[in-house]
Amino acid sequence: MDNLLVTGGAGFIGSNFTRYWLKNRPQDRVVVLDALTYAGNLASLSAVQENKKYRFVHGNICDQSLVESLIRTENINKIIHFAAESHVDRSILGPDAFIETNVIGTHVLLKVAKKIWLDEKSIGARHRFHHVSTDEVYGSLGAEDPPFTENTPYRPNSPYAASKAASDHLVRAYHHTYGLPTTISNCSNNYGPYQFPEKLIPLVLLNILHEKALPVYGEGKNIRDWLYVEDHCRGIEVVLDKGMVGETYNIGGKNEWENIKIVKLLCRLMDEKRQETNFNVQKKNSERLIAFVKDRPGHDFRYAIDAVKIENQLGFKPEETFETGIRKTIAWYLENSAWWRNIMDGSYQEWIALQYKNSYVSIK
């Protein structure tokens with residue numbers, strides 16, 4: 001039996017991982033630590049709140065005394081570190097929070113893990129500090145460039161990416177300097193249930209439902225690799241079970257799409273679904289809502305993950321195709337309006353208004 005501390009477990013990927021782990025590893029205990037900032041949502045964990053192997057703690061990873069207390073009292077032997085400020089646009093407008101959480105917060109966790117696991121040896125074996133990172137640390141690819149591998153040099157281009165690159169380096173340093181048992185995974189863009197609607201796919205879905213403009217940066221030619229969130233959870237599980245300590249593993253979907261093609265696909269699929277919803281919106285062509293907006297500063301052109309290492313060494317491949325994953329995602333948002341309606345006010349609306357104020361051009 002393992003005792004896991006899942007940081008950022010009320011966020012999009014962290015909550016999906018928590019539910020996945022408790023379902024598939026019922027013998028383990030999961031403690032979620034989350035500061036419940038704008039993207040953290042306890043409703044995302046409602047399915048596990050009665051599980052006796054689950055505990056939620058409201059707190060910040062920068063609070064060293066809290067982190068120490070949790071690891072000691074809960075006998076934590078595995079830390080799965082999701083907690084991060086993660087939106088590039090927000091990092092451009094306000095980078096300080098990204099440095100505080102992503103760099104300082106990660107260092108607090110590493111210091112405490114080293115102190116308790118290695119210096120004091122007060123908790124038994126099977127230790128692992130798994131750090132969840134992003135493909136954005138590698139920078140930007142050209143249209144014909146080969147995908148990122150684990151050996152691609154780091155070239156972060158946004159404050160968000162730079163803060164994640166710094167945290168990756170800290171994790172690596174704590175392994176090589178102190179022997180802390182760490183692993184790192186760098187993933188491509190995730191999508192699926194419970195994603196905060198500032199991100200592209202849920203933003204488009206909900207704006208279609210509400211007949212609002214669909215903002216697309218520049219000409220929409222930027223390319224991203226997309227990974228269904230539960231496949232990401234499976235990938236982390238494989239790294240925890242089979243991954244070599246000190247190693248980094250890229251987890252990708254082999255699923256590159258131009259942003260504009262993603263938006264148009266969602267428009268088509270939502271138009272097909274429209275008559276099945278309860279929103280009483282007359283059937284229309286949703287593509288008319290597409291709004292091309294001023295590109296953001298330093299917008300990386302393309303991300304793509306080479307996942308050969310995790311496939312060959314650990315035997316992991318995504319189970320969902322994009323066709324199956326995107327249809328599951330659409331169905332979830334249509335069936336769970338109570339979840340997203342509770343967050344449609346406040347920070348989400350303020351954020352969308354700010355985007356339009358800064359860069360809205362026209363509706364096509």
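Let's start in a loop: Asn75 sits between helix H2 (64–73) and strand S4, where S4 covers residues 78–81. Helices here are DSSP runs of H or I with at least four residues, strands are E runs of at least two, and both are numbered from the N terminus. Phi of Asn75 is near 55°, a positive value in a residue other than glycine. Why is that worth a look? Most residues other than glycine have a negative phi. Asn75 is partly exposed, with a relative accessible area of 39%. The scale behind that word calls a residue buried under 20% relative accessible area, exposed over 50%, and partly exposed in between, using a 1.4 Å probe and protein chains only.

Before going on, a word on what you're looking at. This is a predicted model, in which local features need pLDDT of at least 70 and side-chain atom pairs count only at pLDDT 80 or more, while totals for chains, interfaces and linings use all residues. Residues are numbered from 1 along each chain as its sequence is written, and side-chain values use heavy atoms, with hydrogens and water left out.

**The whole protein**

Zoom out, and the secondary structure comes to twelve helices and 13 strands. How does the radius of gyration fit a compact globule? With 364 residues, such a globule would have a value near 21 Å, and the protein has 20 Å, which agrees. That radius is taken over C-alpha atoms, and the globule rule is 2.2 Å times the number of residues to the power 0.38. Along its principal axes, the C-alpha trace spans about 65 × 45 × 40 Å.

Of the 364 residues, 58% count as buried. The accessible surface comes to about 15,400 Å², and 49% of this belongs to carbon and sulfur atoms. Contacts, meaning heavy atoms within 4.5 Å, often link distant parts of the chain: residues 24 or more positions apart account for 82% of the contacts with a separation of 6 or more.

**Two nonpolar cores**

A nonpolar core is a set of buried Ala, Val, Leu, Ile, Met, Phe, Trp, Tyr and Cys residues joined through side-chain atoms within 4.5 Å. Which residues of the largest core touch the most other members? Of its 33 residues, those are Ile201, Leu214 and Leu266. Elements that give two or more residues to this core include helix H6 (200–209), strand S8 (214–217) and helix H8 (259–273). H8 supplies the largest share, eight residues. There's also a second, separate core of 32 residues, with Trp21, Val32, Cys187 and Val239 among them.

**Some residues up close**

Here are a few residues with their places and accessibilities.

| Residue | Place | Relative accessibility |
|---|---|---|
| Thr18 | helix H1 (residues 12–24) | 0%, buried |
| His131 | strand S5 (residues 128–134) | 0%, buried |
| His87 | loop between strand S4 (78–81) and helix H3 (88–93) | 8%, buried |
| Leu36 | loop between strand S2 (29–34) and strand S3 (54–58) | 27%, partly exposed |
| Val245 | loop between helix H7 (229–242) and strand S10 (248–251) | 35%, partly exposed |

What does Thr18 touch? Leaving aside neighbours within four places in sequence, Thr18 is in contact with Val6, Gly9, Val30, Val32, Leu45 and Tyr54. Val32 turns up again as a member of the second core.

With the same kind of neighbours set aside, His131 is in contact with residues including His81, Thr106, Lys164, Ser167 and Thr183. Take Ser167: His131 and Ser167 are 36 residues apart in sequence and 8.6 Å apart in space, C-alpha to C-alpha. For His87, a partner to check is Lys199, 112 residues away along the chain, with the C-alpha atoms separated by 8.0 Å.

Leu36 has a phi near 55°, again a positive value in a residue other than glycine.

Finally, look at Val245. Val245 and Glu230 are 15 residues apart along the chain, and their C-alpha atoms are separated by 23 Å. Which residues does Val245 contact, leaving aside neighbours within four places in sequence? They are Arg128, His175, Leu180, Pro181, Thr182 and Thr183. Thr183 is also one of the contacts of His131.

Notes: Areas by Shrake-Rupley, 256 points an atom, 1.4 Å probe, with all protein chains shown as cover.
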